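Welcome, and thanks for taking a look at this chain with us. Please have the sequence and the 3D view open side by side as you read.

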Amino acid sequence: MHYYKQDRGILDLEEEWDLVVIGGGATGLGTALDAASRGFKTLLLEQSDFAKGTSSRSTKLVHGGVRYLAQGDISLVYQALKERGRLLVNAPHLVSKEEFIIPCFSWVSVAKYFAGLKIYDWLSGKYSFGRSRFLSRGEVCAKIPGLDPKGLLGGISYFDGKFDDARLAVNIAQTCIEQGGTVLNYVQVTGLLKDAKGKISGVDAQDTITGIRHKIYSKAVVNATGVFVDEILQMNIPNAEKLVRPSQGVHVVLDNSFLNSESALMIPETSDKRVLFAVPWHSRLLVGTTDTPIETQSLEPRALEEEIDFILSTASRYFKKQVKRKDVLSVFAGLRPLAAPGKNDMNSTREISRDHKLIVSDSGLITITGGKWTTYRKMSEETVNQVIRTANFENRNCFTKDLKIHSSEVSNSDSHLKIYGTDRDFIEQLVNENDEWGAKLHPDFPNIKAEVIWAVRNEMAYTVEDVLARRLRILFIDARAAIEMSHEIARLMAFEANRTSGWIGQQVIEFKLIASQYLLEPFIETEVILITK
């Protein structure tokens with residue numbers, strides 16, 4: 001068994017690297033994996049935890065993009081559909097096929113969406129997830145019992161993919177290590193190093209856990225920091241023009257009983273001409289998203305009241321049951337790094353490019369931004385190809401099209417542990433090591449204590465938030481339950497990592513402050529359940 005947690009105290013970062021990648025989201029991790037798999041000496045640095053930002057806050061879709069097809073972006077959709085198929089093959093433990101149903105309330109809608117989705121089917125070719133078809137009113141109601149049938153004529157069924165975004169990020173990090181790369185979370189780049197000719201020669205960085213500062217020399221540096229790319233670009237050239245315009249997307253999580261369905265609902269045109277999804281995810285219902293221009297970036301963006309109201313009111317228009325604030329189990333916001341618009345359209349995000357941009361500065365700094373999770377592998381391939389050209393590296397072929405992601409496994413198991421793929425066996429072995437670790441963490445969730453031990457030992461989890469937000473995903477599923485688990489999570493982590501009782505208390509306080517932002521109703525301290533057995 002490979003242990004993935006690298007000893008920060010003995011790791012020599014100050015040797016010269018072929019490539020330093022800044023940013024541990026989808027694109028950064030993909031770029032590091034691509035480079036390492038080609039044999040380049042690769043180091044990735046992430047200022048917080050892997051996928052802390054945008055990459056853990058998606059709509060959980062692996063898709064070609066039906067709405068991009070409506071906008072006429074055939075090339076983007078075609079490429080995304082190919083990558084969707086590759087993801088299903090390379091990470092089947094995390095990616096699955098999902099039926100989506102578009103309810104239709106006029107025959108014009110039936111004709112429009114049926115025709116459009118037949119083009120979607122055709123573009124998917126050999127990577128098809130299933131064929132679209134018309135559903136009668138009765139079939140739609142049978143598949144989605146929670147849908148309000150008033151005025152419904154029928155619907156269009158089509159197939160796309162869904163996945164667990166943060167867990168894929170963690171598994172990509174592990175795959176990168178298996179390929180010879182080094183990936184570190186909680187190491188912040190504080191400056192760029194340049195040689196006498198003004199060319200990039202590395203980075204200044206600080207380990208935010210140990211406090212140790214490093215000068216790290218590298219033949220190439222990639223800026224893959226998502227909505228934070230402009231901060232790195234301004235380290236390169238102070239007052240550089242902004243490349244990114246963030247757009248905020250908000251999701252709410254409800255009990256699955258609202259639709260009582262294994263199929264997802266897709267509303268292709270809401271009152272403000274956007275798209276709304278309701279997707280079954282981890283036995284709950286994920287509903288979103290919004291598309292709001294934002295001026296400032298944050299690792300913990302806050303949902304705006306008008307965004308929450310929009311989602312609840314739009315969902316209530318289509319659900320049999322009205323959705324109230326008290327029904328929301330968790331609400332979270334993410335920032336999309338969209339390419340900045342021209343001067344003629346500064347307030348709309350619908351027209352800002354969803355495609356990615358790859359830019360090489362005069363100093364040799366390579367910046368990649370935009371795009372989406374589905375196409376992360378292709379973006380990463382293009383980025384490493386650019387690194388080879390810019391740094392005059394030996395031209396080596398890309399292998400990631402067919403490279404299996406860590407713990408890849410096709411499984412028909414009903415166990416919640418199947419999301420770990422082949423690592424499931426090792427987690428079950430931990431229960432044999434300590435009977436206590438087989439106990440559930442919370443009565444409403446199947447997760448067991450061994451998963452926390454595994455996350456600390458093998459998934460580079462350093463904080464309670466790392467575990468509850470991006471390893472177990474419970475903060476995103478039910479924030480109140482996550483708070484109730486937080487003390488026990490901290491206790492288990494402290495046991496495994498030899499931390500003090502003071503660390504436990506501080507971690508619980510810090511986690512509650514973060515988790516409170518995911519609740520619409522205040523958490524009452526007396527609700528805490530301490531589960532220690």
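Which residue just after H12 takes a positive phi? Arginine 473 does, with a phi of about 70°. The model you are looking at is predicted, so please read every value below as computed from it.

## Overall build

Let us begin with the whole chain. Its secondary structure comes to 15 helices and 20 strands. The radius of gyration is 23 Å, close to the 24 Å that the globule rule gives for 533 residues, so the chain is as compact as a globular protein of that length. Along the principal axes, the C-alpha atoms fill a box of roughly 70 × 55 × 40 Å.

Buried residues account for 59% of the 533 residues. If you consider contacts between residues at least 6 apart in sequence, 72% of them join residues at least 24 apart. The accessible surface comes to about 21300 Å², and carbon and sulfur atoms contribute 51% of that area. As for charge, there are 65 positive and 67 negative charges in the chain, and the mean positions of the two sets lie 5 Å apart.

## Helix H12 and its cover

Helix H12 spans residues 464-471, and eight of its eight residues are buried, so the helix is largely enclosed by the rest of the structure. The buried set includes hydrophobic-looking names and charged ones side by side in the list: Val464, Glu465, Asp466, Val467, Leu468, Ala469, Arg470 and Arg471.

What covers these residues? The cover includes helix H6 (165-178) and strand S7 (182-185), together with helix H11 (449-458), helix H13 (474-477), helix H14 (479-497) and helix H15 (501-515). The positive phi of arginine 473, about 70°, comes just after H12.

## Strands S4 and S6 with helix H4

Next, a group of residues linked by contacts. Isoleucine 102 sits in strand S4 (residues 95-104) and is buried, at 0% relative accessibility. Leaving aside neighbours within four places in sequence, isoleucine 102 is in contact with Tyr113, Leu117, Gly154, Gly155, Ile156, Tyr158, Met266 and Pro268. One of these partners, leucine 117, belongs to helix H4 (residues 107-124) and is buried too, with a relative accessible area of 3%. Beyond four places in sequence, leucine 117 touches Val66, Ile102, Ser132, Ile156 and Tyr158.

Serine 157 is placed in strand S6 (residues 154-163). Is serine 157 buried or exposed? Its relative accessible area is 1%, under the 20% cut-off, so serine 157 counts as buried. The side chain of serine 157 makes a polar contact of 2.7 Å with the side chain of glutamate 99. Glu99 is also among the residues that serine 157 touches, along with Phe100, Arg131, Ser132, Arg133 and Leu135.

Two separations help to give a sense of scale. Isoleucine 102 and asparagine 432 are 330 residues apart in sequence, and their C-alpha atoms lie 47 Å apart. Leucine 117 and glycine 364 are 247 residues apart along the chain, with 43 Å between their C-alpha atoms.

## The loop between H9 and H10

Histidine 406 lies in the loop that runs between helix H9 (376-391) and helix H10 (424-433). At 8% relative accessibility, histidine 406 counts as buried. Which side chain does the side chain of histidine 406 meet in a polar contact? The partner is aspartate 423, at 2.6 Å.

Serine 407 is found in the loop between H9 and H10 as well, and it is buried, with a relative accessible area of 7%. Serine 407 has a positive phi of about 70° although it is not a glycine.

## Backbone points to check

Most residues other than glycine have a negative phi, and most peptide bonds are trans. With that in mind, have a look at asparagine 239, whose phi is near 65°. Asparagine 239 is in the loop between helix H7 (229-236) and strand S11 (244-255), and it is exposed, with a relative accessible area of 77%.

Where is a cis peptide bond found? It joins glycine 288 and threonine 289, with omega about 20°. Threonine 289 belongs to the loop between strand S14 (284-288) and strand S15 (292-293).

Technical notes. Residues are numbered from 1 along each chain as its sequence is written. This is a predicted model: local features need pLDDT of at least 70, side-chain atom pairs count only at pLDDT 80 or more; totals for chains, interfaces and linings use all residues. Side-chain values use heavy atoms; hydrogens and water are left out. Helices (H or I, at least four residues) and strands (E, at least two) are DSSP runs, numbered from the N terminus. The radius of gyration is taken over C-alpha atoms; the globule rule is 2.2 Å times the number of residues to the power 0.38. Buried means under 20% relative accessible area, exposed over 50%, partly exposed in between (1.4 Å probe, protein chains only). Contact means heavy atoms within 4.5 Å. Accessible areas come from the Shrake-Rupley method with a 1.4 Å probe; for residues, only the protein chains shown count as cover. Lys and Arg count as positive and Asp and Glu as negative; His and the chain ends are not counted. The place of a charge is taken as NZ of Lys, CZ of Arg, CG of Asp or CD of Glu. A polar contact is a pair of N or O atoms within 3.5 Å; within protein, one must be able to donate a hydrogen and the other to accept it, and residues adjacent in sequence count only if both atoms are side-chain atoms.
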